[in-house]
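Biologist: I am new to this structure and would like to go through it with you slowly, one question at a time. Could we begin once it is on the screen?

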Amino acid sequence: MKFYPNLNLYSFYKKNLPKSNYFSHRIPDQTVKNSIDNLNRAMNVCEKNESFLDFGAGNGRYSCALLSEFHHGYGTEVDHSSPLLEVEKKNSRYKILWGENAIQKVKEKLDLIIFMDVIEHIPIKSIERLVKSTAKLQDKGGVVYISTPNAVRCGVVQKSGIYFKRFTYGHHKHYVSSELIKLFSQFGYEPILLQYEDFPLRLFIKQFNIGFSYLDKKLSHVLLYKYLSLPVIAVINLFFLIVGPLVAWNEYVNRNDSNSGQTILLTLKKL
């Protein structure tokens with residue numbers, strides 16, 4: 001089993017993040033660094049690092065990280081996304097598959113399949129079919145990594161503001177970990193690692209991280225702002241440099257707390 005250093009993985013992510021991404025390149029995305037560190041643990045379970053699938057790849061940020069260690073990969077998405085297209089353009093080893101049934105277009109076995117904040121968007125009537133398709137794409141030893149809202153912390157989806165009947169592309173279901181384990185076990189998977197992320201401290205810091213980053217990106221085309229804001233950006237970077245390790249430590253020590261963690265992180269392996 002190969003070990004992939006977390007630092008290298010995050011560095012590759014930063015270097016290859018699409019310029020058309022919605023957030024600033026001048027402010028460190030500390031909360032994503034924590035998520036990539038957790039993804040790193042799932043990668044370490046993989047027996048091979050030939051191919052991966054980023055299901056519901058969004059802006060391609062996790063694909064950027066995976067491309068540092070996998071020979072090639074795929075990303076699936078329903079709607080065309082400029083950042084995702086940029087990832088494909090920059091990486092000849094990466095191919096985007098478009099459409100709701102894009103997973104059916106993959107014609108090879110995959111070592112890793114990730115569902116990052118996407119399982120909750122799948123209609124309940126379609127979820128079993130998706131897991132079945134996933135299992136067909138993996139041989140024994142194939143790894144699945146899931147990040148999805150924790151129903152224990154987030155509550156039932158019908159009471160959520162992002163319920164699909166109230167919000168376009170909203171959530172169809174919030175799961176508890178046992179439901180996901182039971183669902184995938186029907187198709188030959190066993191849980192390898194279960195933990196949680198997005199505890200209160202991280203969620204609090206994330207609001208500032210995203211807010212500052214989005215605002216800086218929005219104003220970056222204004223030349224005067226770009227230069228006058230340099231001292232402020234330096235202070236913000238220093239703040240996240242200091243707070244980042246504290247957030248990471250808090251996430252790590254609480255990783256088994258299913259009552260407080262907003263997000264389930266589940267790594268499964270095919271038997």
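Biologist: Is Lys109 buried, partly exposed or exposed?

Modeller: Please keep in mind throughout that this is a predicted model. The relative accessible area of Lys109 comes to 42%, and the class of exposed residues begins only over 50%, while buried means under 20%. Lys109 therefore counts as partly exposed.

Biologist: Which residue meets the side chain of Lys109 in a salt bridge, and where does that residue lie?

Modeller: The side chain of Lys109 meets that of Asp139 in a salt bridge, with 4.0 Å from N to O. Lys109 belongs to the loop between S3 and S4, and the two are 30 residues apart in sequence, so the pair ties together separate parts of the chain. Asp139, which is partly exposed at 43% relative accessibility, lies in the loop between helix H5 (124-136) and strand S5 (143-149).

Biologist: How many salt bridges does the structure hold?

Modeller: Side chains of opposite charge can pair when their charged atoms come close. One such pair is Glu179 with Lys173, whose closest N and O atoms are 3.3 Å apart, and in the whole structure the number of salt bridges is 9.

Biologist: Over the ring of which residue does the charged end of Lys173 sit?

Modeller: Lys173 is partly exposed, with a relative accessible area of 23%, and its salt-bridge partner Glu179 is partly exposed too, at 31%. Besides forming that salt bridge, Lys173 places its charged end 5.2 Å from the centre of a ring, and this ring belongs to Tyr175.

Biologist: Are Arg202 and Glu197 buried or exposed?

Modeller: These two side chains meet in a salt bridge of 2.9 Å, taken from N to O, and they are linked with Asp198, Lys206 and Glu251 in a network of salt bridges. Arg202 has a relative accessible area of 2% and Glu197 one of 4%. Since buried means under 20%, Arg202 is buried, and Glu197 is likewise buried.

Biologist: Which side chains are joined to that of Asp216 by polar contacts?

Modeller: Asp216 is found in helix H8 (residues 200-219), and at 2% relative accessibility it counts as buried. Leaving aside neighbours within four places in sequence, Asp216 is in contact with Ser24, Arg26, Ile27, Tyr225 and Ile233. A polar contact of 2.6 Å joins its side chain to that of Arg26, and another, of 2.8 Å, joins it to that of Tyr225.

Biologist: How is the pair of rings of Phe204 and Phe208 classed?

Modeller: A pair of aromatic rings is described by the distance of the centres and the angle of the planes. Phe204 and Phe208 are 4 residues apart in helix H8, and so are separated by about one helical turn; Phe204 is partly exposed at 47% relative accessibility, and Phe208 is partly exposed at 38%. Their ring centres lie 5.2 Å apart with the planes at 70°, so the pair is edge-to-face.

Biologist: How many aromatic pairs does a search of the whole structure find?

Modeller: Apart from the pair in helix H8, there is an aromatic cluster formed by Phe52, Phe70 and Tyr94. A search of the whole structure finds aromatic pairs to the number of 7.

Biologist: What is the class of the pair formed by the rings of Phe55 and Phe115?

Modeller: The centres of these rings are 5.2 Å apart and their planes stand at 50°, so the pair is tilted. Phe55 is in strand S1 (residues 51-55) and Phe115 in strand S4 (residues 112-116), so that the pair links parts of the chain 60 residues apart. Both residues are buried, and the class asked for is tilted.

Biologist: Why do the buried residues of helix H4 line one face of the helix, and what covers them?

Modeller: In helix H4 (residues 82-90), the buried residues are Pro83, Leu84, Glu86 and Val87. Seen down the axis of H4, they fall within an arc of 155°, so they line one face. The face turned away from this buried side carries the exposed residues Ser82 and Lys89. What covers the buried residues includes helix H3 (61-66), strand S2 (72-77) and strand S3 (94-98).

Technical notes
Residues numbered from 1 in each chain as written. Predicted model: local features only at pLDDT ≥ 70, side-chain atom pairs only at ≥ 80, totals over all residues. Heavy atoms only, no water. Buried < 20%, exposed > 50% of the residue type's maximum accessible area, 1.4 Å probe, protein only. Arc of directions from axis to C-beta. Contact = heavy atoms within 4.5 Å. Polar contact = N/O pair within 3.5 Å; in protein donor to acceptor, adjacent residues only side chain to side chain. Phe/Tyr/Trp six-rings, centres within 6.5 Å; stacked < 30°, edge-to-face > 60°. Lys NZ or Arg CZ within 6 Å of the ring centre and 35° of its normal.
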